[in-house]
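Hello,

Here is the structure I said I would pass on. Please open it first, then read my notes below.

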Amino acid sequence: MKIGNNIMNMKKTYIYLSIILCVLFGYSCNDLNDFEQGTFQGKVIDAVSGEGLGDVGITLDPVVAANGSITTRPDGSFKLSRITAGTYKINVRVTGQSLIDNARDEITITDGVTISKEYKLTPRVSLYDFKVEYEKSDPTKFTVKFKAKGNEGNDLNFYAIMWDKYSDFKFGDLPNDQKKAFKKNVKAGEEVEITQELTGLNLEMNTTYYIRAGVTQIKNGGDYNHSNIIPIKFE
């Protein structure tokens, strides 16, 4: 067993050194494709609602080239491809205080194998059953509907609606005419149903907008602890 581990460690060390030489001296790294590689994929979900958690970081240790970290998509899914064979420690978390917990794991990548995992984390505030209602021919308004609740002693203090032409945005990134925040005092453990109509908008026809709804427990971080996003298009 020790001999096998030593061989694997020697192989990983050789690959790491090869990558460093490629970067430092400008050699072609195409030959590295011949080394044993695998894929790590899966999903991070809200342990309370069962829905996907976006913007969660997946980090591998040790990190190999550019394949050592990724952020989950809005539906909670992630995929890291072409990972060099070996054993890695996994850390699943969000920077800041928006999650009550995080997840740690260990995986072993072997040649040509795809490893699939699911991780359940608990946000301070959960958002679920998110919908956007709109008329494709009327870019002056849309309505969002969702449910939310605070978890494990965390109240729900605010919710916000945001929209942009690009999917990778946060509340603080947007000008004031592309976001609305609303105060909502909901005690921890109580479920609330939100229906919010946005009117008087000046959105463009034949354009896709990404509508994000977010909820927050302001005293424990102040960011939008949990949000979901839906694309819509006016035609």
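Three strands make up an open sheet, in the order 4-1-7, with mixed pairing. Its edges are strand 4 (77–84) and strand 7 (114–121), each of which pairs on one side only. From one strand to the next, the twist averages 20°. Keep in mind that this is a predicted model.

Strand 1 (residues 37–46) and strand 4 run antiparallel, joined by 6 bridges. To find the spot, look for Gly 38, which stands opposite Ile 83 in strand 4.

Now the whole chain. The protein chain has 1 helix and 14 strands. Its length is 235 residues, and 42% of them count as buried. Take the contacts between residues at least 6 apart in sequence: 63% of these join residues at least 24 apart.

Next, strands 9 and 12. They pair over 7 bridges, in the antiparallel sense. One position to check is Thr 143, whose bridge partner in strand 12 is Glu 197. In a regular strand, side chains alternate between the two faces of the sheet. Which residues of strand 12 are on its covered face, and which on the uncovered one? Val 192, Ile 194, Gln 196 and Leu 198 are on the covered face. Glu 193, Thr 195 and Glu 197 are on the uncovered face.

Then the cores. The largest nonpolar core holds 24 residues. Those that touch the most other members are Phe 142, Val 144, Phe 146, Ile 161, Trp 163, Ile 211 and Val 215. Strand 8, strand 9, strand 10, strand 12 (192–198), strand 13 (207–216) and strand 14 each give two or more residues to this core. Apart from it lies another core, of 20 residues. Its members include Val 44, Tyr 88, Ile 90 and Ile 107.

Phe 142 deserves a look of its own. Leaving out residues up to four places away in sequence, Phe 142 touches residues including Val 132, Tyr 134, Ile 161, Trp 163, Leu 198 and Ile 211.

On to the aromatic rings. The structure holds 7 aromatic pairs. In one of them, Tyr 134 and Phe 234 meet edge-to-face, at 5.6 Å centre to centre and with 75° between the planes. What does this pair tie together? Tyr 134 is in the loop between strand 8 (125–133) and strand 9 (142–150), while Phe 234 is in strand 14 (residues 226–234), so the pair ties together parts 100 residues apart in sequence. Are the two residues buried or exposed? Tyr 134 is partly exposed, with a relative accessible area of 29%. Phe 234 is buried, at 0%.

Phe 142 and Trp 163 form another pair. The ring centres are 5.7 Å apart and the planes are at 80°, so this pair is edge-to-face. It links distant parts of the chain, with Phe 142 in strand 9 and Trp 163 in strand 10 (residues 156–164), 21 residues apart. Both Phe 142 and Trp 163 are buried. There is also a cluster: ring pairs link Phe 130, Phe 146, Tyr 159 and Phe 182.

Last, charges over rings. The charged end of Lys 179 sits over the ring of Phe 171, 4.5 Å from the ring centre. Arg 212 lies over the face of Phe 169, at 5.1 Å from the centre of that ring.

Best wishes

Note on methods: Residues numbered from 1 in each chain as written. Predicted model: local features only at pLDDT ≥ 70, side-chain atom pairs only at ≥ 80, totals over all residues. Heavy atoms only, no water. Phe/Tyr/Trp six-rings, centres within 6.5 Å; stacked < 30°, edge-to-face > 60°. Helix = DSSP H or I, 4+ residues; strand = E, 2+ residues; numbered from the N terminus. Buried < 20%, exposed > 50% of the residue type's maximum accessible area, 1.4 Å probe, protein only. Lys NZ or Arg CZ within 6 Å of the ring centre and 35° of its normal. Pairing = 2+ DSSP bridges. Axes fitted to C-alpha atoms, helices over the stretch in contact; angles between N-to-C directions. Core = buried A, V, L, I, M, F, W, Y, C linked by side-chain atoms within 4.5 Å. Contact = heavy atoms within 4.5 Å.
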